[in-house]
Amino acid sequence: MLVLITYDVNTETADGKRRLRKVAKQCMNYGQRVQNSVFECVMDEAKCKEVEAILVKLIDKNKDSLRFYYLGNHYKSKVQHVGAKPSFDVEGPLIV
């Protein structure tokens, strides 16, 4: 299923900037960045719960926020892109 993970980490302190880097790095392990704090991730429910637990441990719940949007397996008709940074197939091959 496609899961959209978004986050907002308070970066007013050095600790906040560190949290932001850690959250971004973890998200990059599981999906593609489509905007600064937005990742599209294709994963099953078990992997999603695992990622959610990892991210929740990294944030400060009093200052930061995480959002998970579960778009399901038939997401292609639910996603529309307009503008810069052309869309890509999140299930397609990655070229490194």
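Two strands pair if DSSP finds at least two bridges between them. Strands (E, at least two residues) and helices (H or I, at least four) are DSSP runs, numbered from the N terminus. What you see is a predicted model: local features need pLDDT of at least 70, side-chain atom pairs count only at pLDDT 80 or more, and totals for chains, interfaces and linings use all residues. Residues are numbered from 1 along each chain as its sequence is written, and side-chain values use heavy atoms, leaving out hydrogens and water.

**View 1. The whole chain, with its two helices and four strands.** Start at the N terminus and walk along: the elements come in the order β-α-β-β-α-β. Of the 96 residues in the chain, 28% are buried (under 20% relative accessible area; exposed is over 50%, partly exposed in between; 1.4 Å probe, protein chains only). The accessible surface (Shrake-Rupley, 1.4 Å probe) adds up to about 6,800 Å², and carbon and sulfur atoms hold 51% of that. Now for contacts, meaning heavy atoms within 4.5 Å. Take those between residues at least 6 apart in sequence, and 63% of them link residues at least 24 apart.

**View 2. An open sheet of four strands, in the order β2-β3-β1-β4.** Pairing here is antiparallel. The edges belong to β2 (32–35) and β4 (65–72), each of which pairs on one side only. On average, neighbouring strands are turned by 25° against each other, direction ignored. Helix α2 (residues 45–58) packs on this sheet, where it touches β1 and β4. The direction of α2 makes about 170° with that of β4 (axes are lines fitted to C-alpha atoms, for helices over the stretch in contact; angles run from 0 to 180 degrees between N-to-C directions).

**View 3. Strand β1, with six of its seven residues buried.** Seven bridges tie β1 to β4 in the antiparallel sense. Five bridges join β1 to β3 (residues 38–42), again running antiparallel. V3 is a handy spot to look at both partners: its bridge partner in β3 is C41, and in β4 it is Y70. Next door, L4 stands opposite Y69 in β4.

**View 4. T6, a residue of strand β1.** Strand β1 covers residues 2–8, with T6 among them. Is T6 buried or exposed? T6 counts as buried, because its relative accessibility is 15%. Which residues does T6 touch, once its neighbours within four places in sequence are set aside? The contacts of T6 are S37, V38, S65, L66, R67 and Y69.

**View 5. The β2–β3 hairpin, joined through two residues.** Here β2 and β3 pair antiparallel, with three bridges between them. If you're looking for one pair to pick out, find Q32, which stands opposite E40 in β3.

**View 6. Helices α1 and α2, with axes that come within 9 Å.** Helix α1 takes in residues 14–30, and its axis crosses that of α2 at roughly 170°. That makes α1 roughly antiparallel to α2, a label for angles over 145 degrees (under 35 is roughly parallel, 65 to 115 roughly perpendicular, the rest oblique). On the α1 side, the contact is made by R19, K22, V23, Q26, C27 and Y30. On the α2 side, look for K47, E50, V51, I54, L55 and L58. Sort the residues of this contact by type and you get seven nonpolar, one polar and four charged (Ala, Val, Leu, Ile, Met, Phe, Trp, Tyr, Cys and Pro are nonpolar; Asp, Glu, Lys and Arg charged; the others, Gly among them, polar).

**View 7. R19 and D15, two residues of helix α1.** How does R19 count, as buried or exposed? R19 counts as buried, since its relative accessibility is 8%. Leaving out neighbours within four places in sequence, R19 is in contact with V9, N10, L58, I59, D60, K63 and D64. D15, on the other hand, is partly exposed, with a relative accessible area of 42%. Now trace from D15 to D60: the two are 45 residues apart in sequence, and 9.9 Å apart in space from C-alpha to C-alpha.
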